[in-house]
Every structure is written in C-alpha cells, then in structure tokens.
Amino acid sequence: PAMEAKEVVKAKKKKRKKSTEGEGKRKLKKSKLKEKKAGRESTDDLNPKKKKKKLLKKSVKKARKSTDSSSQETVKVKKVKKDQDNKKKTKKRKKTKNKELVDETEDTSESQDESGGVGGDGGEESKAGEEPQQTVVFVGNVAWNTDNAALLEKFEGVTGIKRLTDKRGKFKGRVFLRFGSGKLAAEALAKAGDFLLDRQITVVYAKPELIPTDFENVGSSNGNDNASAPDGDDDDDDDVEDTGQTVVFVGNLSWEIDATKLTEHFQGVTGVH
C-alpha cells in the first residue's frame with residue numbers, strides 16, 4: 001500500500017506539471033500575438049502612407065454614413081413638400097371653381113337688382129307690358145338626391161333640364177332650367193330662398209355665354225302650348241316629304257335615358273336599339 005500511495009502522488013505531480021506547462025504555452029502565444037499587433041501598429045505609425053490610407057478609410061466610412069442619412073432625410077423632405085404642394089394646388093382649384101360659380105350667381109343677382117328682377121341678359125330693363133326674353137335660369141344649392149320629378153314639381157313650365165356633373169358623373173347640386181316663356185322664368189326667380197328637399201336653393205338668371213346647349217328635353221304640362229315643340233308647330237307635318245327612310249340615329253343622350261323615355265319623346269317609334 002505504501003508503494004501504491006507513492007505512485008498516486010507521482011501521477012498527480014505529472015498532471016500538475018503538464019497543466020502548468022500548457023498554461024505557460026498559451027500565455028506565450030497570447031503575448032506573442034500582442035507583440036505582433038503592437039509591432040504592426042508601430043510600423044503603420046512609422047509609415048505615413050499607411051497612416052493616410054487608414055485615415056482615408058475612416059473618413060470614407062463616415063462620409064458614406066452621413067450621406068446615406070442625409071439622402072434619406074432629403075428624400076423624405078422632398079416627398080413632404082410634394083404632398084403639400086399637391087394639396088395646395090387641389091385647394092386652389094376648388095376655391096377658383098367655387099369663386100367662379102359664386103361670381104356668376106352674384107353677377108346675375110346684381111343684374112336682377114339693377115333691372116328689377118327681369119330682363120333678357122340680366123342687365124337690360126324690360127319695358128312695361130313686354131314679356132322678358134330670358135328663359136334659362138340657374139338653380140344652385142340643390143340636394144344631390146334631387147331628381148327631375150322634384151324639379152318639375154317645384155318649377156312650373158320647365159321644358160329642359162341640364163344637371164351639372166363632375167368628371168366622374170356625380171351631380172354637383174347645380175342645375176340649368178329652360179322654361180317655355182320668359183314669364184315662367186321670371187316667376188321662377190321668386191322661388192329663390194325656398195327649400196327643396198331640406199335645402200335652401202338659389203335662383204338667378206343664367207348668363208347668356210354660360211347657357212348650355214345640351215338640355216334634356218322634358219315635357220311640360222304647365223306653360224305655353226309650344227313648349228313641347230320648340231323648333232316649330234306640329235301642324236307643319238304635312239309639308240315634310242316622305243323619303244322612305246324609317247331609321248334615325250340619335251346622339252348625345254344622357255346615361256339615364258331608357259327606351260320608355262325615348263318612345264315618350266318621339267312619336268310613332270316601333271323599335272329602339
């Protein structure tokens with residue numbers, strides 16, 4: 001047993017020596033590596049060319065970072081400016097359109113006040129006993145859900161309706177009404193300020209240069225007898241020559257017109273395509 005104990009002690013001593021030797025070798029390697037790095041740095045410090053290269057690399061990296069950040073900021077600022085400019089442009093367009101319409105209504109209303117509420121062009125005074133020549137009226141602030149039937153109930157003697165719409169076809173709430181006579185148009189002016197579908201409407205004479213030509217013809221039971229035939233009398237049908245042609249092309253129709261409206265407007269229609 002004494003011999004065995006001595007051998008165990010010897011083995012432990014060998015292990016300790018090996019571990020200490022391994023640690024010493026590792027420390028030497030680390031120190032050598034540090035010395036090499038330090039030597040490289042010292043040689044780089046001694047070489048001015050290498051110093052310049054290092055400084056250039058660092059400056060380039062910083063410049064790239066700064067340019068990237070600045071470019072991103074500039075792009076964001078440009079986008080914000082573009083959005084603001086677009087919003088301002090749209091607001092200006094809307095304001096100019098509204099101003100034009102307001103100016104038109106104000107001019108026509110002023111001309112009414114000057115002429116006493118009647119007159120063909122809005123500025124000329126009509127003589128006593130003479131019928132006004134102006135037959136087209138501008139109606140504003142109309143509800144979007146107002147249809148032709150509601151307009152015909154409100155205004156008597158209407159022979160044509162022109163609804164103002166935007167590019168998408170949405171109703172703007174403004175209407176031109178054509179009457180069968182100047183008297184009926186003058187009577188319609190008295191309804192300015194009345195309520196139509198819970199909206200207070202404005203009624204003024206339309207400027208001659210703004211009167212549209214593509215009115216939607218509407219049959220009127222009130223007004224003149226010639227309202228249904230504005231271009232001539234129905235008694236002149238006998239003078240028309242029979243050419244044998246039975247098909248007619250009709251253009252510039254609104255999307256709301258269907259076959260029933262066409263058959264009501266044109267007499268003797270046997271087919272619609």
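## Surface patch, salt bridges and ring contacts in a predicted model

V272 is partly exposed, as its relative accessible area is 46%. The structure described here is a predicted model. V272 is placed in the segment that follows helix α5 (259–265). Together with V248, V250, L253, F266 and V269, V272 forms a nonpolar patch on the surface, and the accessible area of these residues together is about 490 Å².

**Helix α4.** Helix α4 spans residues 182–189, and G182, L184, A185, A188 and L189 within this helix are buried. Viewed down the axis of α4, these buried residues fall within an arc of 160 degrees and therefore line one face of the helix. In general, an α-helix has 3.6 residues a turn, so residues three or four places apart point the same way.

**Salt bridges.** The model contains two salt bridges. The table lists both pairs with their N to O distances.

| Lysine | Acidic partner | N to O distance |
|---|---|---|
| K154 | D194 | 3.6 Å |
| K162 | D214 | 3.1 Å |

In the K154 and D194 salt bridge, the closest N and O atoms are 3.6 Å apart. K154 belongs to helix α3 (residues 148–154), whereas D194 lies in the loop between α4 and β4 (202–205), so this pair ties together parts that are 40 residues apart in sequence. D194 is partly exposed, with a relative accessible area of 27%.

The side chains of K162 and D214 meet in a salt bridge at 3.1 Å, N to O. This pair links distant parts of the chain, 52 residues apart: K162 is in strand β2 (residues 158–165), and D214 is in the loop between β4 and β5 (216–217). D214 also counts as partly exposed, at 32% relative accessibility.

**Aromatic contacts.** Two aromatic pairs are present. One of them is formed by F155 and F179, whose ring centres are 6.5 Å apart; because their planes stand at 75 degrees, and planes over 60 degrees apart count as edge-to-face, this pair is edge-to-face. F155 is located in the loop between α3 and β2 and F179 in strand β3 (residues 171–179), so the pair ties together parts that are 24 residues apart in sequence. Both residues are buried: the relative accessible area of F155 is 1%, and the relative accessibility of F179 is 3%.

A charge-to-ring contact also occurs in the model, with the charged end of R163 over the ring of F171, 4.2 Å from the ring centre.

Note on methods
Residues are numbered from 1 along each chain as its sequence is written. This is a predicted model: local features need pLDDT of at least 70, side-chain atom pairs count only at pLDDT 80 or more; totals for chains, interfaces and linings use all residues. Side-chain values use heavy atoms; hydrogens and water are left out. Patches are made of residues with over 30% relative accessible area and no salt bridge: like charges are joined within 9 Å, nonpolar side chains (Val, Leu, Ile, Met, Phe, Trp, Tyr) within 5 Å. Accessible areas come from the Shrake-Rupley method with a 1.4 Å probe; for residues, only the protein chains shown count as cover. A salt bridge is a side-chain nitrogen of Lys or Arg within 4 Å of a carboxyl oxygen of Asp or Glu. Helices (H or I, at least four residues) and strands (E, at least two) are DSSP runs, numbered from the N terminus. Buried means under 20% relative accessible area, exposed over 50%, partly exposed in between (1.4 Å probe, protein chains only). The arc is that of the directions from the helix axis to the C-beta atoms. Rings of Phe, Tyr and Trp (its six-membered ring) pair if their centres lie within 6.5 Å; planes under 30 degrees apart count as stacked, over 60 as edge-to-face and the rest as tilted. A charge sits over a ring if NZ of Lys or CZ of Arg is within 6 Å of the ring centre and within 35 degrees of the ring normal.
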